[in-house]
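Let's go through a model feature by feature, in question and answer form. Have the structure open as you read.

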Amino acid sequence: MPLAHALLIALLLWAAPPRARAAEVPAAPTLEQVMRLLSESEGVRARYREQKHLRLLARPLESEGMLFFDPPDHLARQVEKPGRAQLVVRGDEVVMRDATGQEQLRLDRSEVARGLVESVAVVLRGDLALLRSRYEVAFRSDGSAWVMDLTPRSRALRSLVRSMAIQGVGCELRRVEVREGGGDWTVTEFTEVETGLRFTAEQREEIFLLDIPPLAR
Amino acid sequence: MNEALVRAATLVLLAGLLAMCALRLEVTSSITHFLPSGDESELAGLSRRLVESDLSRTMVLRIRGDGDRRAAAEALAASLRKHPEVAWVQGGASESFAEALFHLYFPRRVYLASEDPERGIPRMLEPEGLQRRAETLRSRLAGPTSLLFTRHAPADPLGLFAALVERAREAEPMAVQEDAAFVFVRTRASPFDSSRQAPVLEAIEAAFHQVAAEHGPGLALEQSGVNRFAVASERSIRRDANFISIVSVLGVGALFLAFFRSVRSLVLVLIPTTLGIAVATAVASEAFAPVHGLTLGFGLALIGVTIDYPIHVINHHAFAEGATPRTTVARLRRSLLMGGGTTALAFGVLALSDFPGVDDMGAFAAIGVLAALGATLISLPAFMPREGRALSSGFQRAAAAALARGARWLARHRGVAAALPVLFAAIAAVGLPQVRWEDDPAALSTPDPILVEEDRRVRAGAFGVDMDRLVVALAPSPEAALALNDRVHGRLEEAVAAGHLGGIQSLHALLWSEELQRRNLEALRSVQDLDARIDTAYTQGGFRAGAFEAFGEAVRHPQAPPLRPDDLADSPLGRLLEAALVPLGDDWAVITYLREVRSKEGIREALAGLDGAHFFDRDALLREIFAGYRLSTLRLVALGAVLIFATLLVCYRRLRAALLVLLPSALVPLTTLGLLGMLGIPVNLLAVVSLILVMGMGVDYGVFALECSRDPRRMAPTMLSLLVCCLTTIFVFGTLALSEHPALRSIGLTTGIGISLAFLVSPAVLALAGEGDV
């Protein structure tokens, strides 16, 4: 994505104040309370930093950039390092765009792929029923901080993902750690989290690559 | 002759025949009986195979609207699985497809690397190519679906399995889409078996109502399936036929009451025809089993012409003073034998047809006519009252007298009589060139446009392919057909690139010939430093040294033999294989489905030079088949006319007599066609088959008209009989012209016009023959 576009998005986001301030966080919230807060938090913008520890690779894969969430099912990651790239989840479709071009993948044929990609979005939109239908959820909180330990219910997904630990404070996600069946693991940390955002049509088009039409069925 | 014994024997015979029919008759509704059986019909054979294949028995159900569509699809599928008429159901998202792909393809990825292995694999393994693949893998590992790749990457650094999955997914209709969920249902019965399909359709509706109540009242069900059209068409025709039957029965009843003042006459005329039908059906149930419904239906209609024989006998007996029924029949024997024999000959000629359904129909009708003729000569007199007066009425006598006067007037004015056939010939001459032949079978039915649109929408959503235009690779064995399909696929990809079509759905996405698979393995093995090349390129890309050794091992010692059709058949992909690899006589066909056909010619050109590769355009093929059917039937009608003429010549030994008798049967079909041409009414094959009926009755009219010229006393009852026969036929067949269905309407119009013309020309035959002249 050209730098000018990224700057434009940042400017627009800065100029668009959060519509709703973060709701008051109860002390030692329950899972239901946290999920309700998340469901009310609307659009999200955050800076992320990710480390993938894969046995195949000589060194961990590191990346950082911005993460955007527009409920119910649009999630975007703008990679700034090591190279510029955009990665968007739009419902059942993943769109990737970098300097070499763009690629689109459909997820609707595979529960596993959908489960992998959707997990963060399900938490961000506070869909507790869906979360529980897909994972066994263990929850603990300490003040306004909380941790969800998720174990996939699906045998197929569990063969890939042993567990996920999602940490947050109030209605903000702070850390996601995914432990894989084969021993690989990934940690994503979020900072500068803003919630309660409402994206304009122009912002949505820029962030979620709406100029790329969905794949033909 | 002991009449009581004849009556008893007739009734016992009839009961025995009906019992035999009830026990032995097997009826089919497969359209394949009406496809040609000759050697030239390779594609017609394929069409037959397609009609009989699981494709036509598969329904697609689409669930849309507000609610949990996925859960609703799964619940609907679970409910339908329990139905005894449902052979197979697939619904909702399924992990079995992904698992099947992995188990089938991952161990065989080394066989399926490149469609052009001798060039593609070395190119793939060049340093630049490998570096690109390392970058791609690294970028995939950085993405949100990285887990899907880390599982297989150590044994598949080239991404061969990922490419296979991509291809395979394009071949599989999606069970769940963003706005809809699909359920695929295969029924056990033929889609044309309405009696078994109707309960399935009702069960689907009932199950969906239950599912919607549970998963969302805002959900809506859309369906697609050949069976829906068959059931709807049968119901509609049944409604139409019921109405027409009532009109017809009332008309015939009124006719008999008006002329004979008795229901007894009506029962009498039905005896020979009923026996004829029973004999023909019993023979058919043994000789042609299974008998096609259309063969039976049309055959019965053709045998219906025999109702004329008892009408002649009854009328003549009513006018015969002091004669017994047997002496009346004896007087008419020559006419009856001539009429029945020539009619049987006209119908029997159809047995020479290349179409199995038509040749059965010809034989069936000929047997029925001969049996009814026999019953008229032997059984009918035993059921008739001894006194002819018991069968007569004042109206009958008055009508007969008026008709006889008219015929005599015509006999005195031969010029007028001669003008009638001349006028007929003129109509034929003017109208025949204007005839518009309608060979599109679709024109024979008027499917509900709402059903048509729903069907199109659902199929397009599920498959996205044109089900009526296919490319077929034909070869003597599955392996040879797959090898040909490998080449067809390449050509069609070029055609897609050239814009001749939007895309293809090919078995090639799932299965290559064994020969091509082995060439892939050989090409990989021929790279001596395979492990080192991969290691060098991937370590440069940030991967650990030796991380991909499993791939080299898989090339040296493949984990499975090449993929064969049987491997797919036993997997969840088997349904796709069944739809694409089909036995066809001694050959095998691989079918490629097409999307958005833009240039048929372009596709044909793309396949040029590939022996055994055919572009199959079902609509065009059916039009060709029906045109062939029409032409062949017309030729048989002409042959029938020639044979009838030869028979008449032998019997009468005079050219003029033979020509006169032939007049209604030879001229009237041509005049009927001419009239239809002048009126701009399209002529289809059902109209042509109806012309055979007209010809069969026309020859009878000619025979009886000529025979009565020898005996003036027979003129009144003969002319009355011809009128009653004509009106009966119009009430029985002509009323079909009232139908909303083009097929039935066509039969009704042709028969109604033809029989009326045959009746009109009969007095001319009589007049031109002259009393005692022949």
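What follows is a short dialogue on helices, strands, unusual backbone spots and cores.

Q: Before we start, what kind of model is this and how are things numbered?
A: This is a predicted model, where local features need pLDDT of at least 70, side-chain atom pairs count only at pLDDT 80 or more, and totals for chains, interfaces and linings use all residues. Residues are numbered from 1 along each chain as its sequence is written, while chains are lettered from A and ligands numbered from 1 in the order in which they are written.

Q: How many helices and strands are there in chain A?
A: Helices (H or I, at least four residues) and strands (E, at least two) are DSSP runs, numbered from the N terminus. Chain A has six helices and eleven strands.

Q: How much of chain A is buried?
A: A residue is buried if 20 or more other C-beta atoms, placed from the backbone, lie within 10 Å of its own, exposed if 12 or fewer, and partly exposed in between. Of the 217 residues in chain A, 42% are buried.

Q: In what order do the strands of the chain A sheet come?
A: Two strands pair if DSSP finds at least two bridges between them. Here the order is β6-β5-β4-β3-β2-β1-β11-β10-β9-β8-β7 in an open sheet of eleven strands, with antiparallel pairing. At the edges stand β6 (101-106) and β7 (135-142) of chain A, each with a single partner strand, so one side of each has no neighbour in the sheet. On average, neighbouring strands of this sheet are turned by 15° against each other, direction ignored; axes for such angles are lines fitted to C-alpha atoms.

Q: Which residue is the bridge partner of L67(A) in β3(A)?
A: In a regular strand the side chains alternate between the two faces of the sheet. The antiparallel strands β2(A) and β3(A) are joined by seven bridges, and L67(A) has R77(A) as its partner in β3(A).

Q: Where should I look for unusual backbone geometry in chain A, say at P72(A)?
A: Most residues other than glycine have a negative phi, and most peptide bonds are trans. The bond from P71(A) to P72(A) is cis, with omega near 10°, and P72(A) is in the loop between β2 (61-70) and β3 (74-81) of chain A. Another cis bond joins K81(A) and P82(A), with omega about 5°; P82(A) sits in the loop between β3 and β4 (85-90) of chain A.

Q: And what is the phi of E42(A)?
A: E42(A) has a positive phi of about 50° although it is not a glycine. Look for E42(A) in the loop between α2 (31-39) and β1 (43-53) of chain A, where it counts as partly exposed, with 19 C-beta neighbours inside 10 Å. Over in chain B, E596(B) also isn't a glycine, yet has a positive phi of about 45°. E596(B) belongs to strand β10 (residues 587-597) of chain B and, with 14 C-beta neighbours inside 10 Å, is partly exposed.

Q: Which residues of helix α20(B) are buried?
A: Start with the span: the expected value is 1.5 Å times one less than the number of residues. Helix α20 (residues 449-462) of chain B has 14 residues and reaches 20 Å from first C-alpha to last, close to the 20 Å expected. Its buried residues are D455(B), V458(B), G461(B) and A462(B). They cover an arc of only 140° around the axis (judged by the directions from the axis to the C-beta atoms), which puts them on the same side of α20(B). On the other side, P449(B), V452(B), E453(B) and R456(B) are exposed.

Q: What do the buried residues of α20(B) pack against?
A: They pack against β2 (58-65), β4 (181-187) and β5 (219-224) of chain B. β4(B) is mostly covered, with five of its seven residues buried. Six bridges join the antiparallel strands β2(B) and β4(B), and I63(B) stands opposite A181(B).

Q: How many residues of α14(B) are buried?
A: Twelve of its twelve residues are buried, so α14(B) is largely enclosed by the rest of the structure.

Q: Finally, which residues touch the most other members of the largest nonpolar core?
A: A nonpolar core is a set of buried Ala, Val, Leu, Ile, Met, Phe, Trp, Tyr and Cys residues joined through C-beta atoms within 7 Å. In the largest, of 137 residues, they are V369(B), M719(B), V761(B) and V765(B). Helix α30 (residues 685-709) of chain B gives the largest share, 18 residues.

Notes. Contact = placed C-beta atoms within 7 Å. Axes fitted to C-alpha atoms, helices over the stretch in contact; angles between N-to-C directions.
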